[in-house]
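Q: Please take a close look at the placement of side chains in this protein, from the interior to the surface. Which of them are buried or exposed, and which contacts do they make?

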Amino acid sequence: MDVKPWSGTVCAHNQNWHVEEKEEDQNFTNTRIEQVEDPLKAVMRKTAQLCSHLKRSGVPIRSSLFFPRVMFLSPDCKLDEELMKRRELVPYGQTDEFLRSFREGYMGWISDALTPSWISGHLSYRQMESVRGILRKMGTWDVVLLHGGEQLKGDYQGCQYIALDRQDTEMLEFSRVNILSAESLWALLGHVPQVSPLT
């Protein structure tokens with residue numbers, strides 16, 4: 001599931017989406033159009049990758065049990081007609097109905113407990129426990145913000161020089177002190193430091 005706090009009018013345009021937001025003043029109207037990567041395509045790709053990962057990890061699970069969704073949280077966000085037809089998109093007006101769909105009544109819970117998964121089409125308790133075990137082993141997705149605004153996106157696995165508990169650490173900040181040193185002099189002469197990847 002991908003959650004978007006966008007406001008304005010959203011429409012699909014070729015491979016990307018456009019988010020058009022109007023700011024009205026007494027004397028003029030300013031229109032800002034932001035081009036963004038298609039979030040539906042991205043969440044569907046991630047869903048397929050998760051399903052594939054679970055299967056490779058030994059969890060026998062059908063692709064039809066995965067439901068990629070993109071939710072729009074702002075009442076000021078309007079999807080164009082073509083996007084409104086997509087069942088994977090949950091506009092603001094359908095948020096409550098979507099959240100209610102996760103609730104299961106007492107009778108449904110009893111029925112799932114007594115009906116074999118191959119009949120009900122739902123995950124069995126054994127499958128759910130296997131999925132939970134695999135997901136617990138997965139790392140978290142991280143973004144490294146570099147000086148100058150660039151971003152490195154990946155999964156931080158660890159560093160031999162830093163001992164930390166990932167459960168207690170939300171953010172790491174690294175800073176560089178600019179001191180004229182032997183390394184700086186070597187850099188002036190064209191020396192390039194050797195870098196080894198983190199595991």
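**From the interior to the surface**

A: His18 has a relative accessibility of 18% and therefore counts as buried, since the limit for that class is under 20%. The structure under discussion is a predicted model. His18 lies in strand β3, which comprises residues 16-24. The side chain of His18 is in polar contact with that of Gln35, at 3.4 Å.

Helix α6 shows how buried and exposed positions can be arranged within one element. The helix covers residues 125-137, 13 residues in total. At 1.5 Å a residue it should span 18 Å, and the 19 Å between its end C-alpha atoms agrees with this. Gln127, Val131 and Ile134 of α6 are buried. These three residues cover an arc of only 65 degrees around the axis, so they lie on the same side of α6. An α-helix has 3.6 residues a turn, so residues three or four places apart point the same way. Arg126 and Arg136, by contrast, are exposed on the other side of α6.

The helix also contains a salt bridge. Glu129 is paired with Arg132, with 3.5 Å between the closest N and O atoms. The two residues are three places apart in α6, which means that about one helical turn separates them. Glu129 is partly exposed, at 42% relative accessibility, and Arg132 is also partly exposed, at 42%. Elsewhere, salt bridges with shared partners link Glu21, Arg32 and Glu34 into one network.

Within that network, the closest N and O atoms of Arg32 and Glu34 are 3.5 Å apart. Arg32 is partly exposed, with a relative accessible area of 38%, and Glu34 is partly exposed as well, with 37%. Another salt bridge joins Glu37 to Arg45, and here the closest N and O atoms are 3.6 Å apart. Glu37 is exposed, with a relative accessible area of 53%, while Arg45 is partly exposed, with 40%. The salt bridges number eight in total.

The surface also carries nonpolar side chains. Met1, Val3, Leu73, Leu99 and Phe102 form a nonpolar surface patch whose accessible area is about 510 Å² together. Met1, a member of this patch, is found in the segment before β1 (2-4). Its relative accessible area of 57% makes Met1 exposed, because the limit for that class is over 50%.

Definitions and conventions: Residues are numbered from 1 along each chain as its sequence is written. This is a predicted model: local features need pLDDT of at least 70, side-chain atom pairs count only at pLDDT 80 or more; totals for chains, interfaces and linings use all residues. Side-chain values use heavy atoms; hydrogens and water are left out. Patches are made of residues with over 30% relative accessible area and no salt bridge: like charges are joined within 9 Å, nonpolar side chains (Val, Leu, Ile, Met, Phe, Trp, Tyr) within 5 Å. Accessible areas come from the Shrake-Rupley method with a 1.4 Å probe; for residues, only the protein chains shown count as cover. A salt bridge is a side-chain nitrogen of Lys or Arg within 4 Å of a carboxyl oxygen of Asp or Glu. Helices (H or I, at least four residues) and strands (E, at least two) are DSSP runs, numbered from the N terminus. Buried means under 20% relative accessible area, exposed over 50%, partly exposed in between (1.4 Å probe, protein chains only). The expected span of a helix is 1.5 Å times one less than its number of residues. The arc is that of the directions from the helix axis to the C-beta atoms. A polar contact is a pair of N or O atoms within 3.5 Å; within protein, one must be able to donate a hydrogen and the other to accept it, and residues adjacent in sequence count only if both atoms are side-chain atoms.
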